[in-house]
Amino acid sequence: MSKPSGAIDMTRGKPINLMLRFALPMMIGSIFQSLYSMVDSAVLGRFVGSHALAAIGATTSTTGLILLLATGVTSAISIVLSQYVGANDTDRVRKGIVASGWITLLLGVVLGLISVFAARPLMQLLKTPEDVIDMSVLYIQIVCGCGIAQFAYNAAASILRALGDSKTPLYFLILCSILNVILDLISVIGLNMGVAGVAVATVGSQAISAVICILVMFRKYPNLMPKRHTLRPDMPVSLKIFGMGAQMALQSLFLSVGMMVITRVINGYGSNVVAAFTVGSNVQNLAVMLFSNFSFGFSVYVGQNFGAKNAERIKLGVRQIFLLVGGLSFFAGVLTLIFAEPLVSLYVKPNETEVIAYSLEFIRIQAWFFPFLGWIWLYNSTVKGMGKINISMVSSVVELCSKIGLSLLLPIWIGTTGIWFAAPIGYILGIIPLLIYYYSGRWKKLLTAPAAEPAKA
């Protein structure tokens, strides 16, 4: 398969150098993506108030549930296509692109309708405070109801990354981020639209970026442009993507359910704790960008080398990226501890002392566990790149049960501090099944499968 400028062949060269080239554009993109999330929260917190900030925070688990269901499928696109790329099977890559388009369209319609009609019942189920529930419902209905814009961008980005091209998605993340910031300022400050303005700005910027990204993708890869007679999806390829995606979506569902339980616990402590959770999550998301993309992007490396049947390159890559992620995550934790107070001050007014105190507690506890977060992502990406979603699922169930149990039990003994410990301990317990499977070496037997039909989970 011919590769245009910017694409990376992961089956040749030093793994750490390849991942630096591949993940750095993703990291820059994450910075811009987090920038517009920060602007959303900062504009609301500064110009509307902590109640609007809490309204967004109360939707975190619900929007995460809906969007992650779709993200599971678009992630499967990247994994399946990267295996076909490693096997040098251009025909199946082309068929995978067509299948991806149909699957994305179906997801957008189904999840959009669910979002519109289920938003209020879900918010009531989570015991969202009465003073913010209406704003929370409206935010979900706009952002997730029009979620097809984000799904389309994610699908296009997944295709490009499977080919080894992480730069093109970066350009459109930057475009999306800049558009979002501009639309935020206009809608919230200029038009006084509050939470609805932030939601409209998010959807609008995603839609514009998605359309342009798809057009540029086919211009850059003209040999992959579907023809009229090929628009009918190939069923074996479609079922493989959808089957793997369904498993990944189910995994996301498990994790989101755990997050919803934690959110319900947090909501029970009132708007100040909810606002602190929102602030802490934003700061953490900013910090983990330093290492997260090396973990997430590793599934493409594994997928291409799995398709090429090269076990030794997979093992070499795991060793090198384990050390890289460990070092970067430790550094991210140190930076977070040093700059916690000025970062929190970006979101919260100085007189809201209780929100500030809770936010700092959240940040200072979870920063110590960043290496475990990076490693669970890394090993998850490794087994997913092999197509072994069932092992990743076991990890998610362990992590889910840990988070639910600890989020309910720890606050009984140590108050709100216990909430902040639930997720980190979940990372540590969840990584155990992944380590057992990978270091058992059983995955090497999958490499005897035909190159055109990568082993199924």
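The legends below describe three close-up views of a predicted model.

**View 1. A nonpolar patch on the surface, with helix 4 as its main contributor.**
The patch covers about 1,000 Å². Its members are Trp 102, Leu 105, Leu 106, Val 109, Val 110, Leu 113, Ile 114, Val 116, Phe 117, Ile 148 and Phe 242. Helix 4, which spans residues 90-125, supplies the largest share of the patch, with 9 residues. One of the patch residues, Ile 114, lies in helix 4. Ile 114 has a relative accessible area of 42% and is therefore partly exposed, since that term applies to values between 20% and 50%.

**View 2. The packing of helix 11 against helix 15.**
Two packed helices are described by the angle between their axes and the distance between the axes. Here helix 11 (residues 298-307) and helix 15 (residues 370-385) pack at an angle of about 30 degrees. Their axes are 8 Å apart. Angles under 35 degrees count as roughly parallel, so helix 11 and helix 15 are roughly parallel to each other. The crossing of helix 11 and helix 15 is right-handed.

**View 3. Lys 309, a residue with a positive phi.**
Lys 309 sits in the loop between helix 11 and helix 12, the latter made of residues 311-338. Most residues other than glycine have a negative phi. Lys 309 is not glycine, yet the phi of Lys 309 is positive, near 60 degrees. Is Lys 309 buried, partly exposed or exposed? With a relative accessible area of 36%, Lys 309 is partly exposed.

How values were computed:
Residues are numbered from 1 along each chain as its sequence is written. This is a predicted model: local features need pLDDT of at least 70, side-chain atom pairs count only at pLDDT 80 or more; totals for chains, interfaces and linings use all residues. Side-chain values use heavy atoms; hydrogens and water are left out. Patches are made of residues with over 30% relative accessible area and no salt bridge: like charges are joined within 9 Å, nonpolar side chains (Val, Leu, Ile, Met, Phe, Trp, Tyr) within 5 Å. Accessible areas come from the Shrake-Rupley method with a 1.4 Å probe; for residues, only the protein chains shown count as cover. A salt bridge is a side-chain nitrogen of Lys or Arg within 4 Å of a carboxyl oxygen of Asp or Glu. Helices (H or I, at least four residues) and strands (E, at least two) are DSSP runs, numbered from the N terminus. Buried means under 20% relative accessible area, exposed over 50%, partly exposed in between (1.4 Å probe, protein chains only). Axes are lines fitted to C-alpha atoms, for helices over the stretch in contact, and angles run from 0 to 180 degrees between N-to-C directions. Angles under 35 degrees count as roughly parallel, over 145 as roughly antiparallel, 65 to 115 as roughly perpendicular and the rest as oblique. A crossing is left-handed if the near helix is turned anticlockwise from the far one by less than a right angle, and right-handed if clockwise.
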